[in-house]
Amino acid sequence: MVSGITIVTPCPTDSMGFNMETKLLRIKAVSEISGNSRSTIYLRMLQGLWPQPVRLGERMVAWPESEVQAINDARITGKSDEEIRGIVRALEKLRLSKAA
């Protein structure tokens, strides 16, 4: 649980503990799901209100679906910008801990 938001990651996991069902969303899907334009998503990243994307290639990025959903849930439940910044930091920290 991250600041009142439950992050559910479905199983199964591989031998290294990575979730095999994690879905990555490209910017168009993120925009459609969040209702934010591409420029708003990138502005919110600069403001610390949206997680950084996962780099898939030299010119390709995506976001884990669970992170997009966590931010949407935070907005829907009326979390303040400061609370959302805390959620973003926790999501990014969780992502880094899985990569280690």
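The following paragraphs describe the fold, the sheet, the nonpolar core and the salt bridges of a predicted model.

The secondary structure of the protein consists of 4 helices and 3 strands, and along the sequence these elements follow the pattern β-α-α-β-β-α-α. Of the 100 residues in the protein, 29% are buried. When contacts between residues at least 6 apart in sequence are considered, 50% of them join residues at least 24 apart. The surface that the protein exposes comes to about 6,500 Å², and carbon and sulfur atoms supply 55% of this area.

The 3 strands form an open sheet in the order β1-β3-β2, and their pairing is antiparallel. The edges of this sheet are taken by β1 (24–25) and β2 (54–57), each of which has a single partner strand, so one side of each is left without a neighbour in the sheet. In general, the strands of a sheet pair through backbone hydrogen bonds, in either a parallel or an antiparallel arrangement. Here, β1 pairs with β3 (residues 60–64) in the antiparallel sense over 2 bridges, and within this part of the sheet L25 stands opposite W63 of β3. On the other pairing, β2 and β3 are joined in the antiparallel sense over 3 bridges, with V61 in β3 as the bridge partner of R55. The strands β2 and β3 also form a hairpin, in which 2 residues lie between them.

Strand β3 is largely enclosed by the rest of the structure, because 4 of its 5 residues are buried. M60, which is found in strand β3, is partly exposed, its relative accessible area being 36%. Together with L24 and L56, M60 makes a nonpolar surface patch of about 240 Å². A residue enters such a patch only with over 30% relative accessible area, and the value of 36% for M60 therefore lies above this cut-off.

The interior of the model was examined next. The largest nonpolar core has 16 residues, and those with the most contacts inside it are V30, I41, W50, W63, V68, I71 and I84. Two or more residues of this core are given by each of the elements α2 (38–46), β3, α3 and α4 (81–99). W63 thus appears in two settings, as one of the residues with the most contacts inside the core and as the residue of β3 that stands opposite L25. For I71, when residues up to four places away in sequence are not counted, the residues touched are L49, W50, P51, I84, I87, V88 and L91. Two of these, W50 and I84, are also listed among the residues with the most contacts inside the core.

Side chains of opposite charge can pair when their charged atoms come close, and in the model the count comes to 3 salt bridges. In one of them, R95 is paired with E67, and the closest N and O atoms are 2.4 Å apart. Because R95 lies in helix α4 and E67 in helix α3, this pair ties together parts that are 28 residues apart in sequence. The two partners are covered to unlike degrees: R95 is partly exposed, with a relative accessible area of 22%, whereas E67 counts as buried, at 5% relative accessibility. The place of E67 is in helix α3 (residues 65–76), and its contacts, leaving aside residues up to four places away in sequence, are with P51, L91 and R95. P51 and L91 are touched by I71 as well.

A further salt bridge joins R75 to D81, with the closest N and O atoms 3.2 Å apart. R75 is partly exposed at a relative accessible area of 31%, and D81 likewise counts as partly exposed, at 35% relative accessibility. In the remaining pair, the side chains of R85 and E82 meet in a salt bridge with an N to O distance of 3.3 Å. Both R85 and E82 lie in helix α4, where they are 3 residues apart, about one turn of the helix. R85 counts as partly exposed, with a relative accessibility of 22%.

Note on methods: Residues are numbered from 1 along each chain as its sequence is written. This is a predicted model: local features need pLDDT of at least 70, side-chain atom pairs count only at pLDDT 80 or more; totals for chains, interfaces and linings use all residues. Side-chain values use heavy atoms; hydrogens and water are left out. Two strands pair if DSSP finds at least two bridges between them. Patches are made of residues with over 30% relative accessible area and no salt bridge: like charges are joined within 9 Å, nonpolar side chains (Val, Leu, Ile, Met, Phe, Trp, Tyr) within 5 Å. Accessible areas come from the Shrake-Rupley method with a 1.4 Å probe; for residues, only the protein chains shown count as cover. A salt bridge is a side-chain nitrogen of Lys or Arg within 4 Å of a carboxyl oxygen of Asp or Glu. Buried means under 20% relative accessible area, exposed over 50%, partly exposed in between (1.4 Å probe, protein chains only). Contact means heavy atoms within 4.5 Å. A nonpolar core is a set of buried Ala, Val, Leu, Ile, Met, Phe, Trp, Tyr and Cys residues joined through side-chain atoms within 4.5 Å.
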